[in-house]
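Welcome! Take a moment to look over the chain, and then we can walk through a few of its features together.

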Amino acid sequence: MEGTSLLCLLFVISLLWCTTNQVRLTVSPSSSQLFKGESVSLSCEEDDSSAGWTLRRNTTKQQMTQCGDGWGEPAGSSCNISLTVPLESGVYWCESREGSTSSIINITVSGGSVILQSPVLPVMEGHDVTLHCQTKSPPSKLPADFYKDGSLIRTEPTGHMTIHHVTKSDEGLYKCHISSHGESPPSWISVTEKPTTTPGLSTPLPVGLPVSIFVFICFLVFLVLLVRRCGQKKSKTDEVGEDVKYAEVKISRHPQQTRESDPAVIYSAVKREDVSYGQIVFNNTKPKTRETDPASIYSAVRTGDISYGQRSYN
């Protein structure tokens, strides 16, 4: 019973893992900050088009609204926003009909003259990331000061700064400043840990493989485990059957050769856990006396499992 429960648990876990359909929210242009009046396109990139992903957002004015509900133009799993305004600033994410969600991204629409172009999605450890401090009017490549969590990092003459081999310590709130133009809004840069590779697994699972194939493979694995489990139970049943098949008990009564005899009681008990055949034979020998009182004979056979019994009286 415990083994069957474990198999069912493994099947449910593998089924949930196989049917998990991760969606990726992409933004074009790929920047977390936009100037007022610019256009942006957000897409829910999915592996299974039947999931029915919808783009939603939270802003200072609206909560949990979807594309097409007073903002944006839906186009399949994408949403196009033309002529953005600062009120479009907020968090955006993809959501399926079943309630599954993607990771959220933060988009800021600035009404100022300077923005910081930084990655919308989290950056993986070990990768390089480049930040651009850009002005709305040309020239855009001007010397800029870059700040992290309010502290000056350094000044770059061309207006862009590259962080090599980022680590979790590089995670934080960044902004830039260009003299005579102003300062950009702050943007949060996230850093994700590099996935560890399991020894013996040199190639990752194919991401583009249809989910139905994963489900079918998981079902086959569960079926094989279930068949093996049933086979083990049958083998144990056969082993238990190889027990004692026959037992024989003989009890003989020889009364005392006396003139007067009191009734005698003979008690015999046989206890076996697994006996499929039992036989009890009683041999009565007549006393060689003139008077003999009847004697009582009591015999009991108690077994755990007796399928046949035989008694003989001589």
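A residue is called buried when its relative accessible area is under 20% and exposed when that value is over 50%, with partly exposed in between. Keep those cut-offs in mind, as they will help you read the side chains below. Please also remember that this is a predicted model.

**How confident is the prediction?**

The protein has a mean pLDDT of 75, and 58% of its residues reach 70 or more. Two stretches deserve some caution. Over residues 242-247, pLDDT stays under 50, and the model has 14 contacts there beyond four places in sequence. Residues 294-301 also stay under 50, and for these the model has 26 such contacts.

**Salt bridges**

How many salt bridges does the model have? The count comes to seven. Here are some of them, with the N to O distance for each pair:

| Basic residue | Acidic residue | N to O distance |
|---|---|---|
| Arginine 56 | Glutamate 95 | 3.7 Å |
| Lysine 148 | Aspartate 149 | 3.2 Å |
| Lysine 168 | Glutamate 171 | 3.6 Å |

Let us begin with the pair of arginine 56 and glutamate 95, whose side chains meet in a salt bridge. This pair links distant parts of the chain: arginine 56 belongs to strand 4 (residues 54-59) and glutamate 95 to strand 8 (residues 90-95), with their positions 39 residues apart in the numbering. Are these two residues buried or exposed? Both arginine 56 and glutamate 95 are buried.

Now turn to the salt bridge between lysine 168 and glutamate 171. Lysine 168 has a relative accessibility of 38%, so it counts as partly exposed. Glutamate 171 is partly exposed as well, with a relative accessible area of 24%.

In the salt bridge of lysine 148 with aspartate 149, why does aspartate 149 count as partly exposed? The reason is its relative accessibility of 47%, because partly exposed covers values between the 20% and 50% cut-offs.

**A sheet of three strands**

Next, find the open sheet made of three strands, in the order 10-12-15, with antiparallel pairing. Strand 10 (114-117) and strand 15 (160-163) stand at the edges with a single partner strand each, so one side of each has no neighbour in the sheet. On average, neighbouring strands in this sheet are turned by 15° against each other, direction ignored.

Strand 12 (residues 129-135) and strand 15 run antiparallel and are joined by four bridges. Which residue of strand 15 is the bridge partner of threonine 130? That partner is threonine 162.

Methods: Residues numbered from 1 in each chain as written. Predicted model: local features only at pLDDT ≥ 70, side-chain atom pairs only at ≥ 80, totals over all residues. Heavy atoms only, no water. Pairing = 2+ DSSP bridges. Helix = DSSP H or I, 4+ residues; strand = E, 2+ residues; numbered from the N terminus. Axes fitted to C-alpha atoms, helices over the stretch in contact; angles between N-to-C directions. pLDDT = per-residue confidence, 0-100. Contact = heavy atoms within 4.5 Å. Salt bridge = Lys/Arg side-chain N within 4 Å of Asp/Glu carboxyl O. Buried < 20%, exposed > 50% of the residue type's maximum accessible area, 1.4 Å probe, protein only.
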